[in-house]
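Please look over the sequence and the structure shown below, and then follow the report through its local details, its sheet, its core and its overall form.

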Amino acid sequence: MGFGFERTSFLWVAVFVLVLVLCVCSDGCDLYEGSWVYDDLYPLYDPSSCPFIRKEFDCHKYGRPDTMFLKYKWQPADCDLPRFNSEEFLRRYKGKKIMYIGDSLSLNNWQSLVCVLHASISQPNITVHTIDSITAVTFLDYEVSVMLFHSLYLVDIEVKEIGRVMKLDSIKNGDIWKTMDVLIFNTWQWWGRRGTGQQWDYIQEGNMVYKDMDRMVAFQKGLMTWAKWVDSAVDTAKTTVFFQGISPSHYNGTDWNDPGVTNCFGQMEPIRGSTYPPGLPRAHIIVNEVLSTISKPVYLLDVTTLSQLRKDAHPSKYTGLNVMDCTHWCIPGLTDTWNQLLYAALMT
Ligand SMILES: *[C@@H]1O[C@H](CO)[C@@H](O)[C@H](O)[C@H]1NC(C)=O
Ligand SMILES: *[C@@H]1O[C@H](CO)[C@@H](O)[C@H](O)[C@H]1NC(C)=O
């Protein structure tokens with residue numbers, strides 16, 4: 001009897017400890033697992049109120065007729081994403097420099113943060129400067145600079161006698177990057193491109209020069225160079241480092257059970273639920289593998305799955321350019337959520 005009682009109380013202690021552990025763990029709720037829900041309080045700002053939207057992303061100006069796509073909120077399964085408080089953000093980051101580094105998906109993300117911050121200030125005193133690869137928007141009253149550094153591959157491209165050489169093991173721009181307070185890196189879109197989209201003629205690694213190589217292998221090597229740079233050069237006590245995950249395109253309807261569809265035109269709703277039938281792209285897995293080799297703290301803005309669900313959030317034909325774009329994202333729109341996730345990581 002007594003033995004039985006002891007066993008029972010042991011069981012209760014075990015249950016208690018388990019519940020305690022679960023409660024503590026749910027504090028660190030996974031913000032990236034969830035689904036899109038309708039919310040009338042969105043978008044975070046009026047599409048016509050932001051003077052910084054480039055024509056590639058200005059779906060409102062270029063005639064997109066539907067607005068439902070602006071009204072979705074990312075709802076994590078086990079908690080809520082904090083609402084973006086621009087005032088608080090600007091106060092906390094007074095005197096600091098935030099830099100997005102990468103291709104046009106960095107541009108897309110950077111413009112969103114600038115718009116979100118701009119919308120919250122009644123009489124913003126803002127300057128915009130472009131020097132070489134850098135564009136800086138500075139909120140003078142708060143001394144906060146939100147910058148963009150254009151770099152397609154992160155690693156260097158050098159013009160030599162033989163042509164443009166992509167140097168897989170060199171990152172010269174890092175000397176500028178490491179002076180920032182927050183860094184948000186991204187690269188992927190351009191690694192697979194061929195023909196006129198390919199921005200190099202040769203690939204160099206060490207003393208070896210190649211005409212071409214497996215693009216996934218090249219991406220992995222380039223990203224490893226970046227990872228080693230973070231570990232050796234960045235003072236993460238001063239600088240917070242993010243990697244913006246792989247942004248998906250929507251050109252193949254088979255991916256969302258709409259075979260025969262070859263772009264995102266006319267898509268007005270997200271995919272329901274929390275999974276995308278084809279699963280995660282291989283590049284996402286490479287990003288995870290490379291990040292796991294870095295010993296310093298680097299935060300993955302893991303936007304891939306939540307963006308895969310947003311076949312409705314691309315500009316499609318509503319841009320100032322004569323193209324069908326199912327790669328970038330309308331502003332306002334999805335990239336505001338990416339910045340809400342950045343906000344959640346920086347402010348909590
Ligand atoms: C904007 O900021 C600059 C630099 O601090 C200052 O000289 C200027 O008077 C400000 N303009 C307004 C309208 O507040
Ligand atoms: C779309 O995806 C399916 C399944 O992965 C593939 O079989 C098909 O070839 C793709 N279509 C195009 C046009 O790429």
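Asn257 is exposed, with 9 other C-beta atoms within 10 Å, where a residue is called exposed if 12 or fewer other C-beta atoms lie within 10 Å of its own, buried if there are 20 or more, and partly exposed in between, the C-beta atoms being placed from the backbone. Although Asn257 is not a glycine, its phi is positive, at about 60°. Asn257 belongs to the loop between β12 (240-244) and α6 (282-291); here helices (H or I, at least four residues) and strands (E, at least two) are DSSP runs, numbered from the N terminus. Glu143, which is also a residue other than glycine, has a positive phi near 55° and sits in the loop between β5 (134-139) and β6 (144-150). Glu143 is partly exposed, having 13 other C-beta atoms within 10 Å.

This is a predicted model, in which local features need pLDDT of at least 70 and side-chain atom pairs count only at pLDDT 80 or more, while totals for chains, interfaces and linings use all residues. Residues are numbered from 1 along each chain as its sequence is written, and chains are lettered from A and ligands numbered from 1 in the order in which they are written.

The backbone also holds cis peptide bonds, which the table sets out.

| Residues joined by a cis peptide bond | Omega |
|---|---|
| Tyr42 and Pro43 | about 0° |
| Ile331 and Pro332 | about -5° |

Pro43 is found in the loop between β1 (34-38) and β2 (72-76), whereas Pro332 lies in the loop between α7 (304-308) and α8 (334-347).

Turning to the wider fold, the chain contains 8 helices and 13 strands. Seen strand by strand, an open sheet of 7 strands follows the order β4-β5-β6-β3-β9-β12-β13, with mixed pairing; two strands count as paired if DSSP finds at least two bridges between them. The edges are taken by β4 (126-131) and β13 (298-301), each of which has a single partner strand, so one side of each is left without a neighbour in the sheet. On average, and with direction ignored, neighbouring strands of this sheet are turned by 20° against each other, the axes being lines fitted to C-alpha atoms, for helices over the stretch in contact, and angles running from 0 to 180 degrees between N-to-C directions. Helix α3 packs on the sheet and touches β3 (97-102), β4, β5, β6, β9 (182-185) and β12, and its direction makes about 165° with that of β6.

What holds the strands of a sheet together? Strands pair through backbone hydrogen bonds, either parallel or antiparallel. In this model, β9 and β12 run parallel and are joined by 4 bridges, with Val182 standing opposite Thr240 in β12. On the other side of the pairing list, β12 and β13 pair in the parallel sense, again over 4 bridges; Phe242 stands opposite Tyr299 in β13, and the bridge partner of Phe243 in β13 is Leu300. Strand β12 is mostly covered, since 4 of its 5 residues are buried.The next topic is the interior. The largest nonpolar core, meaning a set of buried Ala, Val, Leu, Ile, Met, Phe, Trp, Tyr and Cys residues joined through C-beta atoms within 7 Å, has 79 residues, of which Met99, Ile101, Val114, Cys115, Val146, Leu183 and Phe185 touch the most other members. Helix α3 (residues 104-120) gives the most to this core, with 7 residues. Which residues is Phe185 in contact with, leaving aside its neighbours within four places in sequence? They are Ile101, Gly102, Leu154, Trp226, Phe242, Phe243 and Gln244, a contact being counted if the C-beta atoms of two residues, placed from the backbone, lie within 7 Å.

For the chain as a whole, buried residues make up 38% of the 348 residues. Among contacts between residues at least 6 apart in sequence, 79% join residues at least 24 apart. The C-alpha atoms fill a box of roughly 90 × 50 × 50 Å, taken along the principal axes. The radius of gyration of the chain is 22 Å, which agrees with the value near 20 Å that a compact globule of 348 residues would have; this radius is taken over C-alpha atoms, and the globule rule is 2.2 Å times the number of residues to the power 0.38.

Finally, the UniProt record, an unreviewed entry, places "domain: Trichome birefringence-like N-terminal" at residues 28-80 and lists "domain: Trichome birefringence-like C-terminal" for residues 81-344. UniProt positions are given in the numbering used here, feature names are shortened, and annotations may be inferred rather than shown by experiment. Over residues 28-80 the chain is 0% helix and 19% strand, with the end C-alpha atoms 12 Å apart, while over residues 81-344 the chain is 28% helix and 21% strand, with the end C-alpha atoms 7 Å apart.
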